[in-house]
Amino acid sequence: MELLKSVKYQTIHPKNVNAETSPSHILSKEQLNFYQENGFLVINGLIDFGSLYNLKKRFIHIAKGIVDKGQMTVVREPALVEKGATGEDVINKLQDIHYDDVFSTYVEDPRILDVVSQLIGSDSIVATHSMLINKPPGTGRHPPHQDLYYFPFRPADMIVAAWTAIDHVNKENGCLYVIPKSHRKHGLVAHSMPSDSNKLYHGIMEESLAPEAERVQLAMSPGDTALFHPLLVHGSGPNVSTNYRKAITCHYASGQCHYVSVQGTVQEPVAKEIEAEARRRNFHIDFVDTWRYKNKLVRGVKSNL
């Protein structure tokens with residue numbers, strides 16, 4: 001119960017330094033300390049309704065085939081495919097959206113980048129992985145996991161995810177949950193792909209590291225934004241409601257980060273899986289190069305990635 005009180009206390013409106021001339025938001029010392037200690041932070045109302053409306057409209061146009069998906073990957077929910085669902089009713093998410101003209105307005109939004117720069121301690125920011133998550137009714141859970149498992153770059157403290165609710169998000173429609181302080185309790189742990197999970201939805205093998213009693217559900221309103229550390233154990237439940245649960249997210253890394261070899265580490269299985277997927281699409285590149293290919297410098301002039 002104390003955890004829930006703490007989370008509510010931190011979901012406060014950002015301080016707008018100059019509403020007329022600058023969208024810049026400065027985090028308080030209290031917010032920065034909360035993030036460092038707990039591995040996540042929620043900022044209410046960071047993104048406005050007009051921006052969210054444009055993002056949702058873009059997704060619907062892609063789902064209906066009005067707009068070409070370009071280089072984005074469309075991920076469909078297997079259980080819903082089997083039921084014959086189509087369009088918006090079957091799409092779980094769009095991946096690699098940060099080069100799209102409309103979705104990039106979120107990825108490169110100064111409000112997001114200003115907050116990110118304070119959390120990773122760098123003015124050079126690279127967008128690494130981005131998604132618009134639709135999560136239609138009937139979508140399954142996303143097992144507890146650590147995002148760093150997918151990334152061949154370090155240091156972890158210079159990577160952060162921003163996750164913004166487009167629709168109202170609650171436990172019934174499968175909101176995010178986090179295990180506070182887990183980014184400091186564990187290093188990167190072994191993951192596997194549970195039988196009740198989508199392709200590439202790896203989860204930590206020892207699910208006891210994400211006990212139900214320690215899961216803090218992040219119920220959010222449209223525009224609320226969660227930021228979390230890549231080692232933080234988190235996941236989301238199934239959507240058992242009758243509504244969609246749209247959100248948009250992007251992982252950011254400092255341009256000062258560097259690539260590391262994952263050979264012989266707990267990341268090797270996912271590296272091989274991603275390399276196999278690249279070959280299936282006729283890209284004969286290794287795990288690191290898949291990220292070099294995708295990464296986009298969104299602030300600053302120089303990046304090691």
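# Reasoning through a predicted model

Tutor: Asp286 caps the N-terminal end of helix H9, with a side-chain oxygen 3.3 Å from the backbone nitrogen of Val288. Keep in mind that this is a predicted model.

Student: What makes the Asp286 oxygen and the Val288 nitrogen a polar contact?

Tutor: The cut-off for a pair of N or O atoms is within 3.5 Å. The oxygen of Asp286 lies 3.3 Å from the nitrogen of Val288, so the pair meets that cut-off.

Student: Which residues of H9 are buried?

Tutor: In H9, which spans residues 287-294, the buried ones are Phe287, Val288, Thr290, Trp291 and Lys294.

Student: How do you know whether they lie on the same side of H9 or on opposite sides?

Tutor: Look at the arc around the axis: they cover only 160°, so they are on the same side of H9. The buried residues of H9 pack against strands S6, S8 (153-154), S17 (258-259) and S18 (296-299), and against helix H8 (268-280). Trp291 also belongs to one aromatic cluster, together with Phe151, Phe153 and Tyr259.

Student: How many aromatic pairs are there in the whole structure?

Tutor: A search of the whole structure finds eight. One of them is formed by Phe34 and Phe40.

Student: Why is the pair of Phe34 and Phe40 called edge-to-face?

Tutor: Ring centres must lie within 6.5 Å to pair, and planes over 60 degrees apart count as edge-to-face. For Phe34 and Phe40 the values are 5.4 Å centre to centre and 80° between the planes, so both conditions are met. Phe34 and Phe40 are both buried.

Student: Why is Thr139 called buried?

Tutor: Buried means under 20% relative accessible area. Thr139 has 3%, so the word fits. Thr139 sits in the loop between strand S6 (125-133) and strand S7 (142-145). Its side chain reaches the backbone oxygen of Pro136 at 2.5 Å. Leaving aside residues up to four places away in sequence, Thr139 touches Glu77, Leu80, Asn92, Pro238 and Asn239.

Student: And why is Arg76 called partly exposed?

Tutor: The label covers values between the buried limit of 20% and the exposed limit of 50%. Arg76 has a relative accessible area of 46%, so partly exposed is the right label. Arg76 is in strand S4 (residues 73-76). With residues up to four places away in sequence not counted, Arg76 touches Val81, Val90, Ile91 and Asn92.

Student: What makes S7 an edge strand?

Tutor: The open sheet has four strands in the order S7-S15-S10-S13, with antiparallel pairing. S7 and strand S13 (216-217) each pair on one side only, and they are the edge strands.

Student: How do you know that S7 and S15 pair?

Tutor: Pairing takes at least two bridges. Two bridges join S7 to S15 (residues 234-236), so the requirement is met. His142 has Ser236 in S15 as its bridge partner.

Student: How do you know that Cys257 is in no disulfide?

Tutor: The sulfur atoms would have to be within 2.5 Å. The nearest cysteine sulfur to that of Cys257 belongs to Cys250 and is 13 Å away, so the cut-off is not met. A search of the whole structure finds zero disulfides. Cys257 counts as buried, at 0% relative accessibility.

Student: Why is helix H6 described as largely enclosed?

Tutor: Nine of the eleven residues of H6 (residues 110-120) are buried, so the rest of the structure largely encloses the helix. Among them are Ile112, Leu113 and Val116.

Key. Residues are numbered from 1 along each chain as its sequence is written. This is a predicted model: local features need pLDDT of at least 70, side-chain atom pairs count only at pLDDT 80 or more; totals for chains, interfaces and linings use all residues. Side-chain values use heavy atoms; hydrogens and water are left out. Buried means under 20% relative accessible area, exposed over 50%, partly exposed in between (1.4 Å probe, protein chains only). A polar contact is a pair of N or O atoms within 3.5 Å; within protein, one must be able to donate a hydrogen and the other to accept it, and residues adjacent in sequence count only if both atoms are side-chain atoms. Contact means heavy atoms within 4.5 Å. The arc is that of the directions from the helix axis to the C-beta atoms. Rings of Phe, Tyr and Trp (its six-membered ring) pair if their centres lie within 6.5 Å; planes under 30 degrees apart count as stacked, over 60 as edge-to-face and the rest as tilted.
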